[in-house]
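This report goes through one protein model, from the whole chain down to single residues. Please keep the sequence and the structure in view while reading.

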Amino acid sequence: MFFKKTDVPANDRVPPGQTLTTGFPVLHHGDVARYKDVRTEWNLRVFGLVEEELRLSYDEFMALPRREFGNDIHCVTTWSKLDNVWEGVAVGEVIGRVRIKPEAKYVMLHAEHGWTTNLPIADFLRETTFFGLKHNGAELTPEHGYPVRMVVPHLYFWKSAKWLRGIEFMAKDKPGFWERNGYHMYGDPWREERYDFD
Ligand SMILES: Nc1nc2c(c(=O)[nH]1)N[C@H]1C(S)=C(S)[C@@H](COP(=O)(O)O)O[C@H]1N2
Ligand SMILES: [Mo]
């Protein structure tokens, strides 16, 4: 039998325990990264289980092809924000320049000030994961991760590292900053994988 939907229920897009917001809350541990001269102070290092390390300068990264991405984001602190429009660089644009060793199974994202977060390589390589540069038409503000943040929309938003500086390929899973402090190793919002306290 058919259920005729008169409206698109937001619930199909809002994971359990989440509440919608139209704002864009700012959440992080520590200080906002600020650059005096981003062109000389920022670069992106790809290292770990790769045949040859790669370091992209700011200018090299900004010259990569970009496209639009649309998604919903879900923060573990229970806010969700639907219909985000981003300008970003597909993961493949960067990863196509390195040879990942077959034993690489996990990724550690490294951000400014030593902040980290971990995820399985398959989640990093998903078509929906990308390097975010603009959000809803505007360049990322320093508070939201300027110049480049990771965006991993299918996991809780803490996996979306702001002020991204490094991508490390690893054989084994290792907890990043929040994961060491009790957050879930994977963080699927649809399964409410929030915290992992024993
Ligand atoms: N470098 C860095 N990235 C980070 C964090 C952080 O503390 N440091 N916090 C994460 C958390 S918990 C969330 S919810 C989102 C918040 O992103 P926003 O401030 O753009 O909303 O950033 C994530 N990325
Ligand atoms: Mo968060």
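Of the 198 residues in this predicted model, 49% count as buried. The surface that the protein exposes amounts to about 10,500 Å², and 50% of this area is supplied by carbon and sulfur atoms.

The overall dimensions come next. A compact globule of 198 residues would have a radius of gyration near 16 Å, and the protein agrees with this because its own value is 17 Å. The C-alpha trace spans about 55 × 40 × 35 Å along the principal axes.

The protein contains five helices and 11 strands. When contacts between residues at least 6 apart in sequence are counted, 68% of them join residues at least 24 apart. Charged side chains number 26 positive and 29 negative, and the centres of the two sets are 1 Å apart.

One annotation comes from a database record. In an unreviewed entry, UniProt places the feature "domain: Oxidoreductase molybdopterin-binding" at residues 37-178. In the model, this span is 14% helix and 42% strand, and its end C-alpha atoms lie 29 Å apart.

Five single residues are set out in the table, each with its place in the chain and its relative accessible area.

| Residue | Place | Relative accessible area |
|---|---|---|
| R165 | strand β11 (residues 164-170) | 19%, buried |
| H144 | loop between β9 (138-139) and β10 (149-151) | 11%, buried |
| D173 | loop between β11 and α5 (177-180) | 29%, partly exposed |
| T78 | loop between β4 (67-74) and β5 (79-90) | 33%, partly exposed |
| W163 | loop between β10 and β11 | 4%, buried |

R165 shows how the cut-off works. Buried means under 20% relative accessible area, so R165, at 19%, counts as buried. Which residues does R165 contact, leaving aside its neighbours within four places in sequence? They are Y35, E41, W42, N43, L44, R45, H110, A111 and E112.

H144 is also buried, with a relative accessible area of 11%. Not counting residues up to four places away in sequence, H144 touches F24, P25, V26, R149 and K162.

P147 lies in the loop between β9 and β10, and H144 is found in the loop between β9 and β10 too. The peptide bond that leads from Y146 to P147 is cis, with omega near 5°. P147 and R165 are 18 residues apart along the chain, and their C-alpha atoms are separated by 10.0 Å.

D173 is partly exposed. What does D173 touch, not counting residues up to four places away in sequence? The residues are Y106, N118 and M185. Between the C-alpha atoms of D173 and T40, the separation is 32 Å, and the two residues are 133 apart along the chain.

Two residues are listed for their backbone angle phi. T78 has a phi near 90°, a positive value in a residue other than glycine. W163 is not a glycine either, and its phi is positive at about 50°. Are these two residues buried or exposed in part? T78 is partly exposed, at 33% relative accessible area, whereas W163 is buried, at 4%.

Definitions and conventions
Residues are numbered from 1 along each chain as its sequence is written. Chains are lettered from A and ligands numbered from 1 in the order in which they are written. This is a predicted model: local features need pLDDT of at least 70, side-chain atom pairs count only at pLDDT 80 or more; totals for chains, interfaces and linings use all residues. Side-chain values use heavy atoms; hydrogens and water are left out. Helices (H or I, at least four residues) and strands (E, at least two) are DSSP runs, numbered from the N terminus. The radius of gyration is taken over C-alpha atoms; the globule rule is 2.2 Å times the number of residues to the power 0.38. Buried means under 20% relative accessible area, exposed over 50%, partly exposed in between (1.4 Å probe, protein chains only). Contact means heavy atoms within 4.5 Å. Accessible areas come from the Shrake-Rupley method with a 1.4 Å probe; for residues, only the protein chains shown count as cover. Lys and Arg count as positive and Asp and Glu as negative; His and the chain ends are not counted. The place of a charge is taken as NZ of Lys, CZ of Arg, CG of Asp or CD of Glu. UniProt positions are given in the numbering used here, feature names are shortened, and annotations may be inferred rather than shown by experiment.
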